[in-house]
Amino acid sequence: MSEAEPLLALPLLPIKNSVLFPSVLMPLTVGRPLSVAAVEAILAREDKELIVATQRDAAVDTPGPHDFFSMGTKAVLKRMAQRPDGGIDLMVQGVERVILSDIEPTDAYLTARGQLAPLPADSNTEIEALQRAILELAQRAIELAHPNAPAEFLRMLTTNEDPLRQVYVLASVLTLDLPKEQALLEASTVLDALHLLHTDLLHEVQVLELRQQITSQAQTAMNQQQREYMLRQQLRAIQQELGEEQPEQAEAAQLRQRLAEVDL
């Protein structure tokens, strides 16, 4: 840990199945007593600051000090609204990564202690090349997964020059697995984060393209079956219009005639 960064002690808001990244807004809905008590403690603070950390196991309903990943995110509570069912809707914004050193029960909620862990800005040719490759992959992934995505969203991705912020924004909108999201948050350098996201995006695009191919093949087979069915229906209609018997009807009539001629 860097000695220049101060130690923090803030209310801990636990989340499941997702990761809050710095500079990213995240909507949350809380209802567990542990989380509701943490929100009340946050509201009592003038700065509305908190630490958001992800549970290792989403099945744990009342997490303890050892149920969290070792890195979370310092955040600020931006908005809160009470729900009719007793839950609370929140909007929090990530500020900076935090290395968690200790988590303690305090009254009805958890308090997290840790140290800020900002990544220094970095720029070189490899970072620039990876950034461009990630943008191309991200645009392809969004086109495949969300064909009707607004053009403004794609423009927002291309105009963001900070590579680390770009990584965090993309990771927050893509459907990455929790271990992949947490690995991005814990990346030790900007270059490492870019490499991780590039690998994740490449995999996502391959999966989406394969899914599109399977869907297209299934649709083609379905269309062929529908076409054959329509042609058979049209053929039957023409035969009926001309007074012609269909092959199966002619065969049945022939069998009836043979049965009638047999002396049983």
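The following questions and answers concern the aromatic pair, helix H1 and the nonpolar cores of a predicted model.

Trainee: How many aromatic pairs does a search of the whole structure find, and is the pair stacked or edge-to-face?

Mentor: The search of the whole structure finds 1 aromatic pair. The ring centres of Phe-21 and Tyr-168 lie 5.3 Å apart, with their planes at 25°. Planes under 30 degrees apart count as stacked, so the pair is stacked.

Trainee: How many residues apart in sequence are the parts that this pair ties together?

Mentor: Phe-21 sits in the loop between strand S1 (7-15) and strand S2 (25-30). Tyr-168 belongs to helix H4 (residues 163-173). The pair therefore ties together parts separated in sequence by 147 residues.

Trainee: Which helices each supply at least two residues of the largest nonpolar core?

Mentor: That core has 33 residues, and Phe-21, Tyr-168 and Leu-201 are among those with the most contacts inside it. Leu-201 touches Ile-134, Leu-137, Ala-138, Ala-141 and Leu-174, leaving aside residues up to four places away in sequence. The helices that each supply at least two residues of the core are H2 (125-145), H4, H5 (178-186) and H6 (190-242).

Trainee: Is helix H1 largely enclosed or exposed, and what covers its buried residues?

Mentor: In H1 (residues 33-43), 8 of the 11 residues are buried, so the helix is largely enclosed by the rest of the structure. The buried residues include Leu-34, Val-36 and Ala-41. Ala-41 also belongs to a second, separate core of 20 residues, together with Ile-15, Met-26 and Leu-77 among others. What covers the buried residues of H1 includes S1, S2, S3 (49-54), S4 (71-82), S5 (88-106) and S6 (109-116).

Methods: Residues numbered from 1 in each chain as written. Predicted model: local features only at pLDDT ≥ 70, side-chain atom pairs only at ≥ 80, totals over all residues. Heavy atoms only, no water. Phe/Tyr/Trp six-rings, centres within 6.5 Å; stacked < 30°, edge-to-face > 60°. Helix = DSSP H or I, 4+ residues; strand = E, 2+ residues; numbered from the N terminus. Buried < 20%, exposed > 50% of the residue type's maximum accessible area, 1.4 Å probe, protein only. Contact = heavy atoms within 4.5 Å. Core = buried A, V, L, I, M, F, W, Y, C linked by side-chain atoms within 4.5 Å.
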